[in-house]
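Hi,

Here is the structure I said I'd pass on to you. Have it open while you read, and I'll walk you through what turned up.

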Amino acid sequence: MPKTKKNKKRPPKKGKLKKRQFRFKKLLLLCLLIFLIIHYRTKLSAIILDSIPGQFSSEHTQINHTSTKTKAQNAQTKSFVKISPQGATLYAQADDTSTQLGTVNVGEMVTFLDQVGDYYHITTNNQTTGYVSKNEATLFNQTIHDKPTSLSQAVIVLNPGHGGDDVGAMSNNEAYYEKDVTLSIAKAVKKALEAAGATVIMTRDTDQTESLDSITEKAMANQADAFISFHFDSTDYANSVSGVTTYYYYNTYEDLAESINQQLSSLLPLENRGIEYGDFEVIRETTQPSLLLELGYMNNDSDLQTFLTSSYQNKVAKAVVTGLENYFSSSNQ
């Protein structure tokens, strides 16, 4: 056989070799970059989220979800009937020709039993059962939570009475407005409650005007375990009356009033005038446990000098904290 020459492969030129090495390095760098982006995308997202003003960090978002879940575990939806601004007639039967049992107060939240034709079957605050016309009432649902057993489980809504254009009562020399003192004392109570582990929401934390409807809506929207409205009283005659009064509207919350008033009576230097039924919108037109505290008289010079002090306001804060702690702990008894 004739011999054939074998074609020998020539080694690549130096220029081509460098190009291939460069492309390989670029590919390696690109793969590394993709790996790093995938690996750290969660951390990058958290850093970006935390850097946006006004946003929750990823950690805060987790805490909020956990808190909501815990509170929702002991919740149930209940039906209520709200009486119209004109009030309502309570009938013995679902018929306006039946016996009239009396009238139901304006804006009262009553327990819904069932519906018969154009009438709601209800139980009122004073435990009278009867029927009101749908024309004089509104049916709605509200999420209600079991009573917490400690402050650490509780949401407390605080309302510093008045504010903005509504100055409230004034001191005798007109140097002090009720709206300013209520805000100061609410802030002291908020600080003490948060130190005890409660979640606290203020209906206002600056000098702003609030409608009464918006106040009750905030308490209900935040599903308050307790709502407290702070006020200071006044009379027609200067320096004629002194003291502290605790008001409740719904009979079922009389024990809450007793618990907090007992502490106010024990800790405050002013006369304690006890607990009383009070027909005030902020504690009437709500489904949440609610009280209104009158913590002294604006037009009593002696009361004024007492409740303007930080010592007095801190004692109010301590009384509210201890009163709520005792009220919630009674759930276990």
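Let's start with one pair of residues: Val 155 has Thr 199 in E9 as its bridge partner. That bridge belongs to the pairing of E8 with E9, which is parallel and runs over 4 bridges. To get from E8 to E9 the chain goes through H3, and this β-α-β crossover is right-handed. Before you go further, keep in mind that this is a predicted model.

While you're at E9, have a look at its side chains. They alternate: Val 200 and Met 202 point to one face and are buried, whereas Thr 199 and Ile 201 point to the other face and are not. You'll meet this pattern again, since in a regular strand the side chains alternate between the two faces of the sheet.

Now zoom out a bit. The chain has 333 residues, and 39% of them are buried. It holds 8 helices and 13 strands. If you take the contacts between residues at least 6 apart in sequence, 74% of them join residues at least 24 apart.

The sheet

What order do the strands of the open sheet come in? There are 6 of them, and the order is E9-E8-E10-E13-E11-E12, with mixed pairing. At the edges you'll find E9 (199-202) and E12 (272-277), each pairing on one side only. From one strand to the next, the twist averages 20°.

As a reminder from class, strands of a sheet pair through backbone hydrogen bonds, either parallel or antiparallel. E13 is a handy place to see both. With E10 (residues 226-233), strand E13 (residues 290-297) pairs in the parallel sense, over 6 bridges. Two spots to click on there are Phe 230, which stands opposite Leu 293 in E13, and Phe 227, whose bridge partner in E13 is Ser 290. With E11, the pairing of E13 is antiparallel, over 3 bridges. Here Tyr 247 stands opposite Leu 292 in E13.

Why can we call E13 largely enclosed by the rest of the structure? Because 8 of its 8 residues are buried.

Two helices on the sheet

Helix H5 (residues 254-267) packs on the sheet, where it touches E10, E11 (244-248), E12 and E13. Its direction makes about 170° with that of E12. H5 has 14 residues, which should span 20 Å at 1.5 Å a residue, and its end C-alpha atoms are indeed 20 Å apart. Its buried residues are Leu 256, Ala 257, Ser 259, Ile 260, Asn 261, Gln 263 and Leu 264. What covers them includes E10, E11, E12, E13 and H8.

That brings us to H8 (residues 310-329), which lies across E8, E10, E11 and E13 and runs at about 150° to E10. H8 has 20 residues and reaches 28 Å from its first C-alpha to its last, close to the 28 Å expected. Among the buried residues of H8 are Tyr 312, Val 316, Val 320, Leu 324 and Phe 328.

Two residues to look at

Is His 231 buried or exposed? This residue of strand E10 is buried: its relative accessible area is 12%, and the cut-off for buried is under 20%. The side chains of His 231 and Glu 178 are joined by a polar contact of 3.3 Å. Leaving out residues up to four places away in sequence, His 231 also touches several others, including Asn 159, His 162, Thr 182 and Leu 293.

Which residues does Gly 168 contact, leaving aside its neighbours within four places in sequence? They are His 162 and Glu 178, and both of these names are on the contact list of His 231 too. Gly 168 sits in the loop between strand E8 (155-160) and helix H3 (178-195). With a relative accessible area of 26%, Gly 168 is partly exposed. Try finding Asp 233 from there: Gly 168 and Asp 233 are 65 residues apart in sequence, yet their C-alpha atoms are 9.1 Å apart in space.

That's the tour. Have fun clicking around!

Cheers

Methods:
Residues numbered from 1 in each chain as written. Predicted model: local features only at pLDDT ≥ 70, side-chain atom pairs only at ≥ 80, totals over all residues. Heavy atoms only, no water. Buried < 20%, exposed > 50% of the residue type's maximum accessible area, 1.4 Å probe, protein only. Contact = heavy atoms within 4.5 Å. Pairing = 2+ DSSP bridges. Axes fitted to C-alpha atoms, helices over the stretch in contact; angles between N-to-C directions. Polar contact = N/O pair within 3.5 Å; in protein donor to acceptor, adjacent residues only side chain to side chain. Right-handed = clockwise from strand over helix to strand, strands pointing away. Expected span 1.5 Å × (residues − 1).
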